[in-house]
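Me: I would like to go through this structure slowly, with one question at a time and the reasoning spelled out. Please finish each reply on the name or value that I asked for.

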Amino acid sequence: MNAPVPQPLAGLRVIEFTHMVMGPTCGMLLADMGAEVIKIEPVGGDRTRTLLGAGAGFFPMFNRNKKSIQLDLHRPEGAEAARRLCATADVVVENFKPGTMEKYGLDYASLSEANPRLIYAAHKGFLPGPYDHRTALDEVVQMMGGLAYMTGRPGDPIRAGTSVNDIMGGLFGAIGVLGALLQRGITGRGMEVQSALYENNVFLVGQHMLQYAVTGKPAAPLPARDNPWAVYDVFTVKDGEQIFLAAVSDAQWTKFCGVLGLADLQAEPELATNNLRVVQRPRLLRAIAERIAHLSAAELAARMEQAGLPFAPIRKPEDLYDDEHLLATGGLADVTLPDGARAGQKVKTTLFPFTLAGQRLGVRLDPPKAGEHSRELLRSAGYEPAAIDALVAQGVAA
């Protein structure tokens, strides 16, 4: 029998004023680790629930293990209910434009007066400074922060293929919260934590900045980079399949030649070391591609795996639902969709990529329906049943 999944944040209450990806990611990490996370949505629900296209997966992906309450913060009674909930909280998470939370008395300065133990995690586009008034998106900071330049071909900047800054920005916010919780255990006081998309992006490209500082040579976009390894590329093989193959040391090169029948290449003095092979890289890659073009990707994968060499089939996100490793290790978990044409259906979602005491942090609560826990949460904030009925009747809560 499996041991219970650790919940190191059990007993912690988190109030979340978030939408889209960045703030919800922070709240989800805290929720997966056992915190009670309460998502405050506008009456009618978080608009993220109804996004189309590339946004269709945002809400069910980043809002598991949370409760939902709908409040109209534009109404004084709704803002008061939110403040009363925050007075019961250990942590508040938000990711709205600068100045938004102050309008409702939900900023750190206001809330910490009544609750000095409060930890407040603000997720913004930019940390305070000359840019902090700007509206930021993941794509915006990727373009201005060098990541799109590094991802695309020269002259063709392309954003990364997922919401890297939103997701990592939320994780950095959660890391800050965990540090603040430890500090609160010592001092008894909370603090404000800030995380930002732009600064996250700059951190991601820091290795390329340091490359320039160390070498004096600007980093080239990855598709055109000076590769430090000779065999490190995608090859097109039988039936048009593609596979990534690599040999990043002289020992791996010897094995690579052995399993692919490239003894003549291995014998060339001009290819004896990795640095020599890098000089010969265009010629070498063409020769390898010609020699392996008749092999299937599956056969190449089997040979590489048997030899302990790095390789990767080229797959699409939907292919990962059938990945034997993810299925065997519990990396996917069921959630019930709360919205849309498939509401009520179960689908697989991805879990955080770490274990505690050998256990993956799973799904305790499905992504909530809008306002699913409103009455329960208003009672926890001290509202009597009649007062709750009145808030609902007035459209302040739902």
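Me: In which loop does Asp239 lie?

Reply: The model shown here is a predicted one, and Asp239 can be placed in it by the strands on either side. The residue belongs to a loop, and that loop is the one between strand 7 and strand 8.

Me: What is the value of phi at Asp239, and is the residue buried or exposed?

Reply: Most residues other than glycine have a negative phi. Asp239 is not a glycine, yet its phi is positive, at about 60°. Residues count as exposed over 50% relative accessible area, and Asp239 is therefore exposed, with a value of 72%. The two answers are a phi of about 60° and exposed.

Me: Asn65 also has a positive phi; where is this residue placed, and is it buried or exposed?

Reply: Phi of Asn65 is near 60°, and this residue, too, is something other than glycine. Its place is in the loop between helix 2 (58–62) and strand 3. Since buried means under 20% relative accessible area, the 1% computed for Asn65 makes this residue buried.

Me: Which strands stand at the edges of the sheet that has the order 3-2-1-4-5-6?

Reply: This open sheet is formed by 6 strands, and their pairing is parallel. Neighbouring strands are turned against each other by 20° on average, if direction is ignored. An edge strand has a single partner strand, so one side of it is left without a neighbour in the sheet, and this is the case for strand 3 (66–70) and strand 6 (192–196).

Me: Within that sheet, which residue in strand 5 does Val93 stand opposite?

Reply: Strand 4 (residues 91–94) and strand 5 (residues 119–124) pair in the parallel sense, over 4 bridges. Across this pairing, the residue of strand 5 that stands opposite Val93 is Ala121.

Me: How is helix 1 placed against helix 7, parallel or oblique?

Reply: Helix 1 (residues 22–32) packs with helix 7 (residues 164–187) at an angle of about 45°, and their axes are 7 Å apart. That angle makes helix 1 oblique to helix 7. The contact involves several residues of each helix, among them Leu29 and Leu30 of helix 1 and Gly173 and Ala174 of helix 7. Its residues divide into 9 nonpolar, 4 polar and 1 charged, and the placement asked about is oblique.

Me: In the sheet with the order 7-8-9, which residue in strand 9 is the bridge partner of Leu245?

Reply: This second sheet is also open, but its 3 strands have antiparallel pairing. Strand 7 (231–236) and strand 9 (311–313) are its edge strands, each pairing on one side only. Strand 8 (residues 242–247) pairs with strand 9 over 3 bridges, and in strand 9 the bridge partner of Leu245 is Phe311.

Me: What angle does the direction of helix 13 make with that of strand 7?

Reply: Helix 10 (residues 250–260) packs on the sheet, touching strand 7 and strand 8, and its direction makes about 130° with that of strand 8. Helix 13 (residues 281–292) packs on the sheet as well, where it touches strand 7 and strand 8, and the angle between its direction and that of strand 7 is about 40°.

Me: Which residues is His208 in contact with, leaving aside its neighbours within four places in sequence?

Reply: His208 has its place in helix 9 (residues 206–215), and with a relative accessible area of 17% it is buried. Once the neighbours within four places in sequence are left aside, its contacts are Met150, Ala219 and Leu222.

Note on methods:
Residues numbered from 1 in each chain as written. Predicted model: local features only at pLDDT ≥ 70, side-chain atom pairs only at ≥ 80, totals over all residues. Heavy atoms only, no water. Axes fitted to C-alpha atoms, helices over the stretch in contact; angles between N-to-C directions. Helix = DSSP H or I, 4+ residues; strand = E, 2+ residues; numbered from the N terminus. Parallel < 35°, antiparallel > 145°, perpendicular 65-115°, else oblique. Contact = heavy atoms within 4.5 Å. Nonpolar A, V, L, I, M, F, W, Y, C, P; charged D, E, K, R; others polar. Pairing = 2+ DSSP bridges. Buried < 20%, exposed > 50% of the residue type's maximum accessible area, 1.4 Å probe, protein only.
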